Amino acid sequence: MITFTDEEMHYFMGECAYIAMQNAQYWPKVGAVVVKKGSVVGRGYSGHIDGTRLPLHAERMALDDAGRQAKGAALFTTLEPCTKISQNQLLGSCCDYIAEQGIDTVVFGMLDEHSHGFCPGEGIAKLQSHGIYVVQYAKLNTLMEEKLSKPLTDRTVVRKWVNRR
Ligand SMILES: [Zn+2]
């Protein structure tokens, strides 16, 4: 288990929120960072596999960016990682990938209330089943809810977003 002070959690979760706001390519906007020995060694956001339109989740992008440094590190993410809902047909869930890459501790901001067929808390349970220590850092939630998932909490926008697909 890797522990962080309140100030450190605020800092790294702020980094995640900033990355999401600057770069995310779809809703919900998610940002993630891999932290090793107090430093950010990987960054990710809701994006796409290079040269395709296939979604690539923030957690996986951050883990790939960190490479081998992900082993034994902490992963911060604005949103609870996905379980059975995979980001696309080629890649598995973020929870499984987080475990495969040897992440020790996951700090997340918001529970996933928006994904279809997904119950909030499933990601936490899945990570814990892999022996990963999971912490929720909720202090930025008001900011994150507003900036990162607002369209998904507004039913009118959700309908437009679904119809566009
Ligand atoms: Zn995911």
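**Exercise 1. Helix 4 and what follows**

In this predicted model, find the residue just after helix 4 that takes a positive phi, then work out which residues of helix 4 are buried and what they pack against.

*Solution.*
- Step 1: Go to the end of helix 4 and look just beyond; there Gly131 has a positive phi of about 85°.
- Step 2: Now step back into the helix, which covers residues 122–129. Its buried residues are Glu122, Gly123, Ile124, Lys126 and Leu127.
- Step 3: Look at what surrounds these buried residues: they pack against helix 3 (94–100), strand 6 (105–110) and strand 7 (133–136).

**Exercise 2. A hairpin**

Work out in which sense strand 1 and strand 2 pair, and which residue in the turn has a positive phi.

*Solution.*
- Step 1: Locate strand 1 at residues 31–36 and strand 2 at residues 39–45.
- Step 2: Follow the pairing, which is antiparallel and runs over six bridges. For one pair to check, take Val35, whose bridge partner in strand 2 is Val40.
- Step 3: Turn to the link: two residues sit between the strands of this hairpin, and Lys37 in the turn has a positive phi of about 45°.

**Exercise 3. Asp65**

Decide whether Asp65 is buried, partly exposed or exposed, and find its contacts beyond four places in sequence.

*Solution.*
- Step 1: Find Asp65 in helix 2 (residues 58–66).
- Step 2: Count the other C-beta atoms within 10 Å of Asp65: there are 17. Buried would need 20 or more and exposed 12 or fewer, so Asp65 is partly exposed.
- Step 3: Leaving aside neighbours within four places in sequence, Asp65 is in contact with Gly42, Arg43 and Gly44.
- Step 4: Compare two separations for Asp65 and Gly42: 23 residues in sequence, yet 4.8 Å in space, C-alpha to C-alpha.

Methods:
Residues are numbered from 1 along each chain as its sequence is written. This is a predicted model: local features need pLDDT of at least 70, side-chain atom pairs count only at pLDDT 80 or more; totals for chains, interfaces and linings use all residues. Helices (H or I, at least four residues) and strands (E, at least two) are DSSP runs, numbered from the N terminus. Two residues are in contact if their C-beta atoms, placed from the backbone, lie within 7 Å. Two strands pair if DSSP finds at least two bridges between them.
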